[in-house]
Amino acid sequence: MHGKKKSGNTKATMAHIKVKTQKEIELIRSAGALAAETLIRAGEMCKPGVSTLEIDEFIGNFTKKNGGISACMGYHGYPRYACISLNEVICHGIPDAQTILKDGDILNIDITTILSGYHGDTSAMFLVGNVKPEVKELVATAKLCMEEGIKAAGLPGARFSDIGNAIQPIADEHGFSVVEDYCGHGIGRGFHEEPTVLHFANNEHTPLIEVGNVFTIEPMINMGKPGTRTLKDGWTAVSCDGSLSAQWEHTMVRTKSGIDILTLPR
Ligand code: MF3
Ligand code: CO
Ligand code: CO
C-alpha cells in the first residue's frame, strides 16, 4: 500500500503494466487536479492548535462537494479520508482529534481522489511555525528526491529501476536514508496497480517505462535509519529509530518526450 507495501517478486508481475489511453489519462488528470487543489487548501490549515481530524474532515467535505470520492476511506478498512503523518510517522498516519499541530512539527498530507472511476494520488510536506534548519533540509531533500526520480523516469529509454537509482545518492549525500518497505505504484482505475516503484538503489532489471504507463513516485526519506515499524492500529508506519521522516508524491504519465505530472491544480 501507499507507499504500497513492498511485495515479493517484482519481476514476475512486470508484464502487466497497463498502457492507458489518452481518454483515461485525462480522467486521471481530472482526479489528480482535484486531489492537488484539496491538498493546497488542507496545507493552508496547518497551524498550531489545529487537529489532524479537522484537516481530514475538510478533505472529505471538499472532495465530496467537488464530485469526488476519498479513496482512502474504507480502503482495506482504513478509517479516514486521508493520511496525515507527523514527524517520525513515515506514512499512513490516521487523523484524530488528539493529534494537535504544534510549533516545529512537520507533516505529510496524502490525498487520493477518485473522479469518474479514476484515481489521482498526491502528497506534500507542510511546516508548522518555526522548524529547525536541519529538519527543513530533510523536507527539501525529500522533495528533491521526488523531483530527480521524476526526471530519471522521463529520460529516453528509462527503466523503472532508474527511479530509485537516481533517488538513493541524493539521500546518501545528505546523510539521510530511503525507506524500502513502502513503494510507489501504478495507478488508474485501481488505487494500487502494477508495477511496484522502488525508491532505493536496485539492480532489478525492471522493464522500460512505456509511453502511457501511469504511476506514482513517492519517496519516504528518514533522517536516521530506513527501518519501519507499524503501530498497534495496524496502519501508522513510524521510523524504527524514532527519527523524523519526510515524503512527497505525484501521479504521472510517461509521454514520448518525458513525464507529464497529473496531480497539478488546474
Ligand atoms: N495514498 C497512499 C499512497 O500513496 C495510500 C494510502 S492507503 C490508506 O499510495 F489506506 F492508508 F489510505
Ligand atoms: Co501513492
Ligand atoms: Co498517496
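The following questions and answers describe two cobalt sites and a nonpolar core in a predicted model.

This is a predicted model in which local features need pLDDT of at least 70 and side-chain atom pairs count only at pLDDT 80 or more, while totals for chains, interfaces and linings use all residues. Residues are numbered from 1 along each chain as its sequence is written, chains are lettered from A and ligands numbered from 1 in the order in which they are written, and side-chain values use heavy atoms, with hydrogens and water left out.

Biologist: Which residues are the protein donors of the cobalt ion (ligand 3)?

Modeller: Donors are N, O and S atoms within 2.8 Å of the metal (3.2 Å for Na, K and Ca); water is not among the atoms, so sites may look incomplete. The protein donors here lie 2.1 to 2.3 Å from the ion, and Asp110 appears twice through OD. The residues are Asp110, Asp121 and Glu249.

Biologist: Why is the arrangement around the cobalt ion (ligand 2) irregular?

Modeller: Four donors count as tetrahedral if all angles lie between 85 and 135 degrees; four count as square planar and six as octahedral if opposite donors are over 155 degrees apart and all others between 65 and 115; anything else is irregular. The arrangement is irregular because the six donor atoms subtend angles of 53 to 161°.

Biologist: Which residue coordinates both the cobalt ion (ligand 2) and the cobalt ion (ligand 3)?

Modeller: The protein donors of ligand 2 are Asp121 (OD), His185 (NE2), Glu218 (OE) and Glu249 (OE). The two ions are 3.3 Å apart, and the residue recorded as coordinating both is Asp121.

Biologist: How many residues apart are Asp121 and His185?

Modeller: Along the chain, the donors of ligand 2 follow the spacing D-x63-H-x32-E-x30-E. Asp121 is in strand β6 and His185 in strand β8 (residues 182-186); strands are DSSP runs of E of at least two residues, and helices runs of H or I of at least four, numbered from the N terminus. The pair links distant parts of the chain, and the separation is 64 residues.

Biologist: Is Asp121 buried or exposed?

Modeller: Buried means under 20% relative accessible area, exposed over 50%, partly exposed in between (1.4 Å probe, protein chains only). Asp121 falls in the same class as His185, and that class is buried.

Biologist: Which element gives the most to the largest nonpolar core?

Modeller: A nonpolar core is a set of buried Ala, Val, Leu, Ile, Met, Phe, Trp, Tyr and Cys residues joined through side-chain atoms within 4.5 Å. The largest one has 50 residues, and those with the most contacts inside it include Ile55, Phe215 and Ile221. With eight residues, the element that gives the most is α4.
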